[in-house]
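The following note sets out points on this structure for a colleague at the bench. It concerns a predicted model, and the points are numbered for ease of reply.

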Amino acid sequence: MSQEDNQPASYSDNFLSALYVPTPPKFYDPPSWVLCSCVNTGKWLIYGSLGDIKWGDASRIVPNNARIAPGTIVLTNEGPGHLGVISSVSGDYIHVKEGNWKPCQFTERELKTDDPRIKGYWKP
């Protein structure tokens, strides 16, 4: 018996394991002239411009059961209708960036995911 025969058996698997890690959304700083509209502020935060994409009024956007994650829009029933962009999620709380929650101002706040003011979540 050779010394090689006394070695414990070994093997290696030759395969590649992959894990999908989504790129976190980049949030663009909105200029002051978009802050009087929650919709325009949301578009600027996500796209960095207003572009040609039509979202309509916040009150008319219908939730589409989007996953609660950074970059998702939270729709609320505040005022005639309002929206903000989720920037982070921590447990049962979302951190929201928004314009015009306070008239013509940029604000950030935390809401519980089951807050009664939340109408739903939307991914454009």
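1. F27 belongs to the segment that precedes α1, the helix of residues 38–47. Although F27 and G42 are 15 residues apart along the chain, their C-alpha atoms are separated by 9.6 Å. Leaving out residues up to four places away in sequence, the contacts of F27 are L45, P70, G71, V85, I86 and S87. Among these contacts of F27 is L45, one of the buried residues of α1.

2. Helix α1 is mostly covered, with 7 of its 10 residues buried. These buried residues are C38, V39, T41, G42, K43, W44 and L45. They pack against three strands, namely β2, β3 and β4. After α1 comes G48, which has a positive phi near 80 degrees.

3. Which residues make up the largest nonpolar core? This core has 11 residues in all: C38, V39, L45, W55, A58, I61, I73, L75, L83, V85 and W122. Two or more residues of the core are given by each of α1, β1 and β2. The largest share, 3 residues, comes from α1. Within this set, C38 is in contact with A58 and L83, and also with H82, G99 and N100, when neighbours within four places in sequence are left aside. A second core, separate from this one, has 8 residues, including A66, V74, L111 and I118.

4. Strand β1 (residues 73–76) is buried on both sides: I73 and L75 point one way, V74 and T76 the other. I73 and L75 are members of the largest nonpolar core, whereas V74 is in the second, separate core.

5. β1 pairs antiparallel with two strands. Its 4 bridges to β2 (residues 82–90) include the one in which L75 has L83 as its partner. A hairpin links β1 and β2, with 5 residues between the strands, and G79 there has a positive phi near 60 degrees. Another 4 bridges, also antiparallel, join β1 to β5 (residues 118–122); here V74 has Y121 as its bridge partner.

6. Strands β3 (residues 93–99) and β4 pair in the antiparallel sense over 7 bridges, and V96 is partnered by R109 of β4. The two strands form a hairpin with 6 residues between them, in whose turn N100 has a positive phi of about 70 degrees. N100 is also among the residues in contact with C38.

7. Strand β4 (residues 106–112) has two unlike faces, one covered and one uncovered. T107, R109 and L111 form the covered face, while F106, E108, E110 and K112 form the uncovered one. From the covered face, L111 is included in the second core.

8. Two further backbone angles deserve checking. Most residues other than glycine have a negative phi. N65, which is not a glycine, nevertheless has a positive phi of about 55 degrees. N65 is placed in the loop between α1 and β1, and it counts as exposed because its relative accessibility is 76%, above the 50% cut-off. C104, likewise a residue other than glycine, has a positive phi near 55 degrees and lies in the loop between β3 and β4. With a relative accessibility of 40%, C104 therefore counts as partly exposed.

Note on methods: Residues numbered from 1 in each chain as written. Predicted model: local features only at pLDDT ≥ 70, side-chain atom pairs only at ≥ 80, totals over all residues. Heavy atoms only, no water. Buried < 20%, exposed > 50% of the residue type's maximum accessible area, 1.4 Å probe, protein only. Pairing = 2+ DSSP bridges. Contact = heavy atoms within 4.5 Å. Core = buried A, V, L, I, M, F, W, Y, C linked by side-chain atoms within 4.5 Å.
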